[in-house]
Amino acid sequence: MKDLTPTPKALDPIEIASRDEIASLQTDRLKWSLRHAYDNVPFYKQSFDDAGVQPDDLKTLSDLARFPFTVKTDLRAHYPFGMFAVPREQLARIHASSGTTGQPTVVGYTTRDLENWGSLVARSLRAAGLKPGDLLHNAYGYGLFTGGLGIHLGADALGLTTVPVSGGMTPRQVRLIEDFRPNGITVTPSYALSILDEYAAQGVDPRASSLDVGIFGAEPWTNAMRVEIEQAFDMHAVDIYGLSEVMGPGVSMECVETKDGLHIWEDHFFPEVINPETGALVGEDEQGELVFTSLTKEAFPIIRYRTRDLTRLLPGTARSMRRMEKVTGRSDDMIILRGVNVFPTQIEEALMATPGLAPHFQIELTRPDRMDKMRILCEAADPALNTEDCAASGKALAAKIKQTIGISVAVEVGRCGSVARSQGKAVRILDNRKEV
């Protein structure tokens with residue numbers, strides 16, 4: 001793999017500023033953001049008043065812990081435009097969630113918000129090793145989802161040549177990669193595996209492709225999957241993080257030279273990690289739920305937003321700004337099976353360590369007799385594997401899950417292609433439990 005480390009002069013000065021400089025900037029911007037939200041969003045005025053705090057109560061960064069949280073149900077309750085701090089006529093763009101699990105959440109951006117977003121995504125793409133003039137294959141979905149258009153903003157700002165292919169039509173993805181010879185690809189990790197399958201179906205060697213780096217986000221993925229993808233494509237695989245409520249992709253980014261967690265762009269977002277049960281701040285380096293407060297957003301300021309993503313904060317390495325560890329899962333995606341906490345990423349790690357199995361899987365939950373049961377649906381890595389070999393791989397996976405996680409599961413190993421593929425975020429959990 002190529003050395004893609006950006007030159008020091010390519011970095012924004014704030015990326016390598018001192019911690020004192022970063023904290024001073026955060027304090028000034030946080031005071032503005034709290035006042036902006038309080039004065040212009042009725043929800044925040046009521047929320048602050050009910051908690052007995054005012055924007056002027058923030059004197060230091062630690063004072064933010066006195067302010068109330070914002071949760072997704074707050075956004076849904078004020079659908080569509082009740083959380084905006086500017087008149088609708090001043091919005092340059094509106095994005096929204098799919099609403100598949102409830103009322104959609106709607107977010108908006110002023111022209112300045114879009115400029116900031118583009119700048120931060122450009123910073124992220126540069127941290128991944130891309131540079132002006134490079135060609136980017138953007139396979140994130142375009143539309144109301146922030147992924148495709150958010151990455152496109154940053155690619156334009158960095159001076160990349162962008163192929164806005166979006167998701168789907170997987171055979172065409174391979175053809176365009178082979179014909180256009182892009183330097184980088186932006187895509188969900190689960191869909192990258194589908195593209196890899198298509199390379200095999202077409203008899204094309206992915207290691208001979210032009211790709212130097214893959215930038216993966218929108219869903220949790222493990223370091224084991226990183227190794228799988230890097231070896232398959234002979235390219236770097238780095239993590240990007242974001243969510244529409246906070247901005248979209250580009251809230252934090254893994255640097256290609258270290259790959260040791262995602263540097264949070266702290267000049268625009270203030271991170272906290274809390275105990276998901278009590279809401280109290282956790283200790284240094286302790287895992288908990290990630291909380292974000294925006295520092296510069298005009299249209300949609302967000303104060304202490306509970307992301308439900310589980311991680312921990314770490315000191316900076318390649319950049320001065322703090323890192324967040326790779327997200328291990330979401331507090332609302334955690335499965336409690338017979339008293340044991342289980343995350344899909346744990347199943348993925350066990351799967352990736354089991355010979356004979358492909359990295360595609362789904363978790364099916366049932367409750368046939370008042371007791372929750374888990375079945376892992378996965379598939380053979382090699383079409384030539386016979387029934388006995390598949391059964392042996394399934395037993396090996398079940399044993400590994402029992403050893404590492406402590407639960408007994410059933411494993412069903414199907415033929416290649418038997419697990420449903422995703423063109424965006426993977427559907428990992430099929431909850432077929434019924435109350436009895």
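Colleague: What makes you say that helix 7 lies across strand 5 and strand 6?

Modeller: In this predicted model, where local features need pLDDT of at least 70, side-chain atom pairs count only at pLDDT 80 or more, and totals for chains, interfaces and linings use all residues, the elements must be defined before the claim is made. Residues are numbered from 1 along each chain as its sequence is written, and side-chain values use heavy atoms, with hydrogens and water left out. Helices (H or I, at least four residues) and strands (E, at least two) are DSSP runs numbered from the N terminus. On that basis, helix 7 (residues 189-202) lies across strand 5 (184-187) and strand 6 (213-216), and runs at about 120 degrees to strand 5. Helix 8 also packs on the sheet: strand 6, strand 7 (236-243) and strand 8 are touched by this helix, whose direction makes about 130 degrees with that of strand 7. Contact here means heavy atoms within 4.5 Å. The angles run from 0 to 180 degrees between N-to-C directions, and the axes are lines fitted to C-alpha atoms, for helices over the stretch in contact.

Colleague: Why are helix 6 and helix 7 called roughly perpendicular?

Modeller: Helix 6 (residues 170-180) packs against helix 7 at an angle of about 80 degrees, the axes being 9 Å apart. Angles under 35 degrees count as roughly parallel, over 145 as roughly antiparallel, 65 to 115 as roughly perpendicular and the rest as oblique. The two helices are therefore roughly perpendicular to each other. Thr170, Pro171, Gln173, Val174, Ile177 and Glu178 of helix 6 meet a set from helix 7 that includes Tyr191, Ile195 and Tyr199. By class, this contact has six nonpolar, four polar and two charged residues. In that scheme Ala, Val, Leu, Ile, Met, Phe, Trp, Tyr, Cys and Pro are nonpolar, Asp, Glu, Lys and Arg are charged, and the others, Gly among them, are polar.

Colleague: What makes helix 1 roughly perpendicular to helix 2?

Modeller: Helix 1 (residues 19-40) and helix 2 (residues 42-51) pack at about 105 degrees, with axes 5 Å apart. This makes the two helices roughly perpendicular. Leu34, Ala37, Tyr38 and Asn40 of helix 1 form the contact with Pro42, Tyr44, Lys45, Phe48 and Asp49 of helix 2. Six of the contact residues are nonpolar, one is polar and two are charged.

Colleague: Why are strand 4 and strand 13 called edge strands?

Modeller: Two strands pair if DSSP finds at least two bridges between them. The open sheet of nine strands has the order 4-3-5-6-7-8-9-14-13, with mixed pairing. Strand 4 (161-163) and strand 13 (313-314) each pair on one side only, as edge strands.

Colleague: How do you know that strand 8 and strand 9 pair?

Modeller: Strand 8 (residues 248-254) and strand 9 (residues 262-264) share three bridges, in the antiparallel sense; the criterion of at least two is thereby met. Met253 has His263 of strand 9 as its bridge partner.

Colleague: Why do strand 20 and strand 21 stand at the edges?

Modeller: A second open sheet, of four strands, has the order 20-19-18-21 with mixed pairing. Strand 20 (410-414) and strand 21 (429-431) each have a single partner strand, so one side of each lacks a neighbour in the sheet. From one strand to the next, the twist averages 20 degrees. Strand 19 (residues 373-380) runs parallel to strand 20, joined by five bridges; Arg375 is partnered by Ala410 of strand 20. Helix 9 packs on this sheet, touching strand 18 (357-366), strand 19 and strand 21, with its direction at about 140 degrees to that of strand 18.

Colleague: What makes a space a cavity, as opposed to a pocket?

Modeller: On a 1 Å grid over the protein atoms alone, a cavity is a set of points where a 1.4 Å probe fits but cannot get out, whereas a pocket is an open set with protein on both sides within 12 Å along at least five of seven lines; lining residues have an atom within 4 Å of a point. Three cavities of 30 Å³ or more are found. About 70 Å³ lies in the largest cavity, whose lining includes Tyr109, Trp117 and His268. Helix 4 (residues 111-127) gives the most to that lining, with three residues. The second largest pocket has a volume of about 420 Å³, and helix 9 gives the most to its lining, with three residues.

Methods:
Points joined across faces, edges and corners; volume = space filled by probe spheres on them.
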